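Hi,

Here is the structure I promised to pass on. Have a look at it first, and then read my notes below.

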Amino acid sequence: MPSAIEVRKVPIHSVADASELAKLIDEGVFEADRIIAIIGKTEGNGGVNDYTRIIADRAFREVIQDKGSRSAEEVKQIPIVWSGGTDGVISPHATIFATLPEEKTVKTDEPRLSVGFAMSEPILPEEIGYVAMIEKVAAAVKAAMGEAGITDPADVHYVQTKTPLLTIHTIRDAKSRGKKVWTEHTHESMDLSNGVTALGIAVALGEIEMPTDEDVMHNRELYSAVASCSSGVELDQAQVVVVGNVRGIGGKYRIGHSVMTDALDTDGIWNAIRDAGLDLPERPHPSDLDGRLVNVFLKCEASQDGMVRGRRNAMLDDSDVHWHRQIKAAVGGVTASVTGDPAVFVSVSAAHQGPEGGGPVAAIVDVS
């Protein structure tokens, strides 16, 4: 049986800052050795060369090592997923998950937050964008579900991944072995890696049947409602964090999910919060949250038809500011208007993650 989870959101005061994590450990909120996952936003450009992810990663791992007894190699194995780019009002922050000892666990038989982690088999550059990668991701998702103690896919409400994308180096490596790659545009490969990973999650959870190579990035009717996929240069495997609810483990947190049908769909965010277990009025206001919302986690995507609610926008035509940054800023503002807090996890590149032009939403709340 997995352990109960403590989860806290902390601000990041500068790109290399992990002082708020250190403070939580010093105050005894959780032990450094019990930290099992971190998901956060850093303030870089969100692109292939966004090194703020690496800087933040180092800062947080150093605190975990300094404050605990795990070796550098052991700390290196902790899944820490950074999404770069805090465009608009989005504020840099991290959400930290840690297990609780039995004596600090709130007892209940109600569904409560559980977290599982797994790494896939290594993903070759020529597999990115193809069924071979879908199969490897799906296997890792099922392994992470087992770690979380989740047997029913309906109890999975959020799957956060980090996967490799294509770089000039890995493209050259594939070609040297006589292999072809899906694209030679490294920035496009970010969307590709995220999209094919989402299909792997959807397959693992029974949301869709196994797609074909031709479906990848083309059949947008195939998607996962709980996938949040990020990619970068940091690794050559799929790093998978599954978050759901399990009965009998205790604790005071619960997770729920929904989808935004488009970039302005505030009801999708409120529905995720309700699904997590908060009673809200018919027309809720941020004040109704009363400090019980830990965080929300969203993916967003510019609609491929260049429209939102029947109105044309120019995001996809803009050659000065990439649409990644524009839609992230827009949805970040919409989300902060719901939560009343700009420290929200809003990540772009949502191919096969939620409906076209929208995206999945997960919410963690304190139901104690």
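To start with a small puzzle: is Phe60 buried or exposed? Phe60 counts as buried, because its relative accessibility is 1% (buried means under 20% relative accessible area, exposed over 50% and partly exposed in between, with a 1.4 Å probe and protein chains only).

Before the rest, a word on conventions. This is a predicted model, in which local features need pLDDT of at least 70 and side-chain atom pairs count only at pLDDT 80 or more, while totals for chains, interfaces and linings use all residues. Residues are numbered from 1 along each chain as its sequence is written, and side-chain values use heavy atoms, with hydrogens and water left out.

**Aromatic pairs**

Searching the whole structure gives three aromatic pairs. Rings of Phe, Tyr and Trp (its six-membered ring) pair if their centres lie within 6.5 Å; planes under 30 degrees apart count as stacked, over 60 as edge-to-face and the rest as tilted. Phe60 and Trp82 make an edge-to-face pair, because their planes are at 65°, with ring centres 5.1 Å apart. This pair connects distant parts of the chain, since Phe60 is in helix α2 (residues 52–67) and Trp82 in strand β3 (residues 80–84), 22 residues apart. Helices (H or I, at least four residues) and strands (E, at least two) are DSSP runs, numbered from the N terminus. Trp82 is buried too, with a relative accessible area of 2%.

Phe297 and Phe345 make a tilted pair: their ring centres are 5.8 Å apart and their planes are at 45°. Here strand β10 holds Phe297 and strand β13 holds Phe345, 48 residues apart. The relative accessible area is 2% for Phe297, which is buried, and 0% for Phe345, also buried. Tyr158 joins Phe297 and Phe345 in one aromatic cluster. Phe345 has a charged visitor as well: the charged end of Lys41 sits over its ring, 5.8 Å from the centre (NZ of Lys or CZ of Arg must be within 6 Å of the ring centre and within 35 degrees of the ring normal).

**The sheet around Phe297**

Phe297 and Phe345 also bring us to an open sheet of four strands, in the order β9-β14-β10-β13 and with mixed pairing (two strands pair if DSSP finds at least two bridges between them). Its edge strands, β9 (253–260) and β13 (345–348), each pair on one side only. From one strand to the next the twist averages 15°. Strands β10 (residues 293–300) and β14 (residues 359–366) run antiparallel and are joined by five bridges; Phe297 has Ala362 as its bridge partner in β14. Helix α7 (residues 266–276) packs on this sheet, touching β9, β10 and β14, and its direction makes about 150° with that of β9. Axes are lines fitted to C-alpha atoms, for helices over the stretch in contact, and angles run from 0 to 180 degrees between N-to-C directions.

**Strand β3 and the loop after it**

Back to the strand that carries Trp82. Five of the five residues of β3 are buried: Ile80, Trp82 and Gly84 on one side, Val81 and Ser83 on the other. Strand β2 (residues 35–42) runs parallel to β3 and is joined to it by five bridges, and Thr42 has Gly84 as its bridge partner in β3.

In the loop between β3 and β4 (93–99) lies Ile90, which counts as buried at 4% relative accessibility. Not counting residues up to four places away in sequence, Ile90 touches Lys41, Lys328, Gly332, Pro342, Val344 and Val346 (contact means heavy atoms within 4.5 Å).

**Nonpolar cores**

A nonpolar core is a set of buried Ala, Val, Leu, Ile, Met, Phe, Trp, Tyr and Cys residues joined through side-chain atoms within 4.5 Å. The largest one has 42 residues, and Val141, Val156 and Val159 are among those with the most contacts inside it. Helix α4 (131–148) and strand β6 (156–164) are among the elements that each supply at least two residues of this core, and α4 gives the most, with 10 residues. Apart from this core lies another, of 28 residues, including Met260, Leu278, Leu289 and Trp323.

Happy browsing, and best wishes!
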